[in-house]
Amino acid sequence: MSPTQPQCAIVTGGASGIGRCLVTELVRLDFRVVVGDLNEAAGTELVAALNASVSDSPSSSSSSTPRAVFVHTDVTQPTAFATLFQAGTDHFGAVHILVNNAGIAQADPFWATEQWRSMVDVNLTATMAGTSAAIHYFTTVAPTLPATQAAGYNTNKVVINMASMSGLVPFPGDPIYAATKAAVVNFTRSLPDFTPLFGGVRFNCLCPAFVDTPMIDRLRAQSPLHEATLGRVAKVTAEEVVQGVLRCITERELNGAALVIACQREPQELKTDPVLVELLKDSLPVIDA
Ligand SMILES: NC(=O)c1ccc[n+]([C@@H]2O[C@H](COP(=O)([O-])OP(=O)(O)OC[C@H]3O[C@@H](n4cnc5c(N)ncnc54)[C@H](O)[C@@H]3O)[C@@H](O)[C@H]2O)c1
């Protein structure tokens, strides 16, 4: 898949794990990418390597133009997303895609420390802040950009939030992590009615099973319980999660979707339990946007 005109994606948490794999694949597919991450060393190293690989490529037509830029970002800071959207506009003309991927997990039990508050800030509050910033950008900023600069923004705008299978089923290993991811799922699934109001932007999320990334390595190293459980469960690959992200970008019928990425299965869209649908059928409000 390669769009006819390069589209620009912001990927938070793009310096490591799933985000890093996504950034690499997007650049390979000729997207322009803004990598926003706390980890400056890993982020700058990644974009330098990707830009060098593109300029080394014999098929490269514009060797001096970067394909990816790094912006040192803490997604919990109030101006983080405005800065990322500005960087995408300055470097690549306009932003079309936001992937709220930055996330953290912790090994300590939530009742033992106050650290869980950062998990809510990064996994949930920043996802909501990023989504709000994207809506503001797509409805207020992008329409004012010159047509040549904002080419393509009219046709495909999407926000993709990284949830987890832990947001769909109870996860005793980390109830706060599970709560943040469940909130991301229902937040995202509650948004598509507003798409016409927000200039056509779509909203999807991913619910991957466990993936071997530095996040999982840290949990296993810090806690014997996590080592015992995470060591033996089946994992999906970061590449499989990335394929799910690409479906959320390219498949225009996906809006309000939660794609479940499970081991050795095709990604499947979460459906509301028919028992719940029947039980609540007279009670569910319908929003006229
Ligand atoms: N690894 C898994 O098993 C798994 C499964 C399902 C969902 N997820 C989710 O996928 C996403 C990526 O996870 P990963 O496993 O690749 O983790 P990772 O730790 O390898 O990468 C996360 C990245 O986010 C960055 N980050 C953390 N806090 C940040 C902040 N405040 N501002 C900006 N950047 C910040 C980190 O520096 C890091 O580069 C997370 O949202 C995670 O919850 C992971």
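This report walks through the fold, the central strand, the ligand shell and two unusual backbone angles of the structure above.

**Overall picture**

Keep in mind that this is a predicted model. The protein's secondary structure adds up to 9 helices and 8 strands. Its radius of gyration is 19 Å, close to the 19 Å from the globule rule for 289 residues, so the protein is as compact as a globular protein of that length. Along the principal axes, the C-alpha atoms fill a box of roughly 50 × 50 × 35 Å. Of the 289 residues, 41% are buried. If you take the contacts between residues at least 6 apart in sequence, 69% of them link residues at least 24 apart.

**The sheet**

The 8 strands line up as an open sheet, in the order 3-2-1-4-5-6-7-8, with mixed pairing. Strand 3 (68-72) and strand 8 (268-269) sit at the edges with a single partner strand each, so each has one side without a neighbour in the sheet. As a reminder, strands of a sheet pair through backbone hydrogen bonds, in either a parallel or an antiparallel way.

Here are three of the pairings, each with a pair of residues that stand opposite one another.

| Strands | Sense | Bridges | Opposite residues |
|---|---|---|---|
| Strand 5 (158-162) and strand 6 | parallel | 5 bridges | M162 and L206 |
| Strand 6 and strand 7 | parallel | 5 bridges | P208 and I261 |
| Strand 7 (257-261) and strand 8 | antiparallel | 2 bridges | L259 and E269 |

**Strand 6**

How many of the residues of strand 6 are buried? For strand 6 (residues 202-208) the count is 7 of the 7, so this strand is largely enclosed by the rest of the structure. In a regular strand, side chains alternate between the two faces of the sheet. Strand 6 has both faces covered: R202, N204, L206 and P208 are buried on one side, and F203, C205 and C207 are buried on the other. Strand 6 also belongs to a right-handed β-α-β unit, together with strand 5 and helix 5 (residues 175-189).

**Around the ligand**

The ligand is surrounded by 28 residues, and the closest are G13, S16, G17, G103 and T213. By type, the shell splits into 14 nonpolar, 12 polar and 2 charged residues. Helix 1 (17-28) and helix 6 (214-222) both contribute to the shell, with at least two residues each.

**Two positive phi angles**

Most residues other than glycine have a negative phi. Two residues are worth a look on that score.

D30 has a phi near 80°, a positive value for a residue that isn't glycine. You'll find D30 in the loop between helix 1 and strand 2 (32-37). Is D30 buried or exposed? Neither, quite: D30 has 15 C-beta neighbours inside 10 Å, so it counts as partly exposed.

Q264 isn't a glycine either, yet its phi is positive at about 55°. Q264 lies in the loop between strand 7 and strand 8. Q264 has 7 C-beta neighbours inside 10 Å, and therefore counts as exposed. The loop that holds Q264 joins two strands that pair in the antiparallel sense, and strand 8 is one of the edge strands of the sheet.

Conventions:
Residues are numbered from 1 along each chain as its sequence is written. This is a predicted model: local features need pLDDT of at least 70, side-chain atom pairs count only at pLDDT 80 or more; totals for chains, interfaces and linings use all residues. Two strands pair if DSSP finds at least two bridges between them. Helices (H or I, at least four residues) and strands (E, at least two) are DSSP runs, numbered from the N terminus. A residue is near a molecule or strand if its C-beta atom, placed from the backbone, lies within 6 Å of it. Ala, Val, Leu, Ile, Met, Phe, Trp, Tyr, Cys and Pro count as nonpolar, Asp, Glu, Lys and Arg as charged, and the others, Gly among them, as polar. The radius of gyration is taken over C-alpha atoms; the globule rule is 2.2 Å times the number of residues to the power 0.38. A residue is buried if 20 or more other C-beta atoms lie within 10 Å of its own, exposed if 12 or fewer, and partly exposed in between; C-beta atoms are placed from the backbone. Two residues are in contact if their C-beta atoms, placed from the backbone, lie within 7 Å. A crossover is right-handed if, with the strands pointing away from the viewer, the path from the first strand over the helix to the second runs clockwise.
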